[in-house]
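Reader: I am new to this structure and would like to understand the words used to describe it. Could you show it to me and then take my questions one by one?

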Amino acid sequence: MKGLVLTAEWDPRPNYRVTEWERTNGKAITGSSVWRKPKLSLETLSEPRLSPRDVLIKPKACGVCGSDVHFLETDDQGYMLYPGLTRFPVIIGHEFSGEVVEAGREAGDLRPGDMVTCEEMIWCGECTPCRNGYPNQCQRLEEIGFTINGAQAEYLAVGAKYCWKINALVERYGSTDRAYEAGALCEPTSVSYNAMFTRAQGFKPGGHVVVFGTGPIGFAAIALARAAGAAKIIAFEVSSMRQELARKVGADVVLNPLDLERQRTKPRDAIMELTEGEGAAMLVEAAGAPPRTMPEMEASMAVGGKIVIIGRASDRAQVYLEHFQTHAAQIYGAQGHSGYGNFPNVIRLMAAGRIDLTPIITSRFALDQSVEAVKKATKREDGKIMIRA
Ligand SMILES: [Zn+2]
Ligand SMILES: [Zn+2]
């Protein structure tokens, strides 16, 4: 079968201490400190072997993620930009949906022909964080398309317990084709859902919501805020194409922070003005730029406000804690999407038509053109690029 494989050289930076665990597992905890000279190519590989608890899936739609782009992009010393857990070579692709073509003996109720989407976090269910209800903090985490083979391929094998049926999306979207595309957006949408509603426990309907950074995670945050009854949804984004998409998925006001800078004003001023001095009930960091966004967010929280951190960054951000005391406010850190009903709730919201993220899909490629697809994603001129089968 064909698969889009990312290879890179294991060449730890001189100042990076490789742990015993990393050496024996061949996994880098901080990918950007270890992997050098990444290369992406479409290769011919043998089909994955099926364990009794697995299903074999034929991917039908798989989104190109910002992480995939950061695998390929390097700094001036040739190290990849992606900072997280990684093991290469690996078939990339983790935002996907597909058709079950074979089910192992112990694969629960999944049958050939079922339409599914999958979690990307392969949590073990046995380590202490997993047993204590923190699957996204699993100590033995594997990640589809990061440490184990992903979905930019003709087939992949996944544990049945990580799959969720999306057959219900067909009625809403009118065709299996469109339902598969919506299904492939469940993973990034569940990341925002997990952060805003599971970790931070949501906001009261009628509260104002602010989203910094409108990539796919920001788009999902906007759509979910709308579905949950936000009063005003304010987004900050520099790309004009993404500003347009942010409006399409439900933002009321979309501002370019660079324009504000030119007018010698700041996002915090705009937020306070748009909320009549009350501030936002929830502020979502999806820009991955906390040194710049944190001062804006903390200065524009409503009393009882919540700051939700989803964007990844290796920089420290300054926090003025006094604001959190005077505003009875809170910061919530979140990663991942597993557990707590996140996936099934997102699928039901899509099936009910309360959220629709499909307008963010701006380009489609076949697997044969997947190298070009990821290269196009590096230009950042798209909402979401889909690889289709
Ligand atoms: Zn992703
Ligand atoms: Zn675990």
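Author: Let me begin with a definition: two parts are said to be in contact when heavy atoms of theirs lie within 4.5 Å. The model before you is a predicted one, and in that sense of contact the buried residues of helix 11 pack against strand 11, helix 10 (267-274), strand 14, strand 15, helix 12 (321-326) and strand 16. The buried residues in question are P290, T293, M294, E296, M297 and E298.

Reader: What does helix 11 touch in the sheet on which it packs?

Author: The sheet should be described before the helix: it is an open one of 6 strands, in the order 13-12-11-14-15-16, with parallel pairing. Its edge strands are strand 13 (253-255) and strand 16 (330-333), each of which pairs on one side only, and from one strand to the next the twist averages 15°. Helix 11 (residues 290-298) packs on this sheet by touching strand 11, strand 14 (280-285), strand 15 and strand 16, and its direction makes about 160° with that of strand 15.

Reader: How do you know that strand 15 and strand 16 pair?

Author: Two strands pair if DSSP finds at least two bridges between them, and strand 15 (residues 301-309) is joined to strand 16 over 4 bridges, in the parallel sense; the requirement is therefore met. Within this part of the sheet, I309 stands opposite G333 in strand 16.

Reader: Which strands stand at the edges of the antiparallel sheet, and what makes them edges?

Author: That open sheet has 3 strands in the order 2-1-4, and the pairing is antiparallel. Strand 2 (35-44) and strand 4 (90-91) each have a single partner strand, so one side of each is left without a neighbour in the sheet. Helix 14 (residues 370-377) packs on this sheet, touching strand 1 and strand 2, and its direction makes about 145° with that of strand 2.

Reader: How many bridges join strand 1 to strand 4?

Author: Strand 1 (residues 2-10) and strand 4 run antiparallel and are joined by 2 bridges, which satisfies the requirement of at least two for a pair. In strand 4, I91 is the bridge partner of V5.

Reader: Why are helix 6 and helix 7 called oblique to each other?

Author: Helix 6 and helix 7 (residues 216-227) pack at an angle of about 60°, with their axes 8 Å apart. Angles under 35 degrees count as roughly parallel, and those from 65 to 115 as roughly perpendicular; an angle of about 60° belongs to neither class, and the two helices are therefore oblique. Helix 6 passes helix 7 in a right-handed crossing, where P188, T189, V191, S192, Y193, M196 and F197 in helix 6 meet I217, A220, A221, L224 and A225 in helix 7.

Reader: What makes helix 5 oblique to helix 6?

Author: Helix 5 (residues 176-184) packs with helix 6 at an angle of about 40°, and their axes are 5 Å apart. Since roughly parallel is kept for angles under 35 degrees and roughly perpendicular begins at 65, helix 5 counts as oblique to helix 6. The contact is made by A182, G183 and A184 of helix 5 together with C186, E187 and P188 of helix 6.

Reader: Why does A200 count as buried, and what does A200 touch?

Author: Buried means under 20% relative accessible area, and because A200 has 0% relative accessibility, A200 counts as buried. A200 is found in the loop between helix 6 (186-199) and strand 11 (209-212). Not counting residues up to four places away in sequence, A200 touches A195, M282, K306, V308 and Y332.

Reader: Why is V170 called partly exposed?

Author: Partly exposed covers what lies between the buried limit of 20% and the exposed limit of 50%, and because the value for V170 is 23%, V170 counts as partly exposed. V170 lies in helix 4 (residues 169-173) and, leaving aside neighbours within four places in sequence, is in contact with M115, S175, T176 and A179.

Reader: How do you know which residues are the donors of the zinc ion (ligand 1)?

Author: A donor is an N, O or S atom within 2.8 Å of the zinc ion, and C65 (SG), H94 (NE2) and E95 (OE) lie 2.1 to 2.5 Å from it, so these protein atoms qualify. In sequence the donor residues are spaced C-x28-H-E. With 3% relative accessibility H94 counts as buried, and with 2% E95 counts as buried too.

Terms used: Residues numbered from 1 in each chain as written. Chains lettered and ligands numbered in written order. Predicted model: local features only at pLDDT ≥ 70, side-chain atom pairs only at ≥ 80, totals over all residues. Heavy atoms only, no water. Donors = N, O, S within 2.8 Å, 3.2 Å for Na, K, Ca; no water. Buried < 20%, exposed > 50% of the residue type's maximum accessible area, 1.4 Å probe, protein only. Axes fitted to C-alpha atoms, helices over the stretch in contact; angles between N-to-C directions. Parallel < 35°, antiparallel > 145°, perpendicular 65-115°, else oblique. Left-handed = near helix turned anticlockwise from the far one by under 90°.
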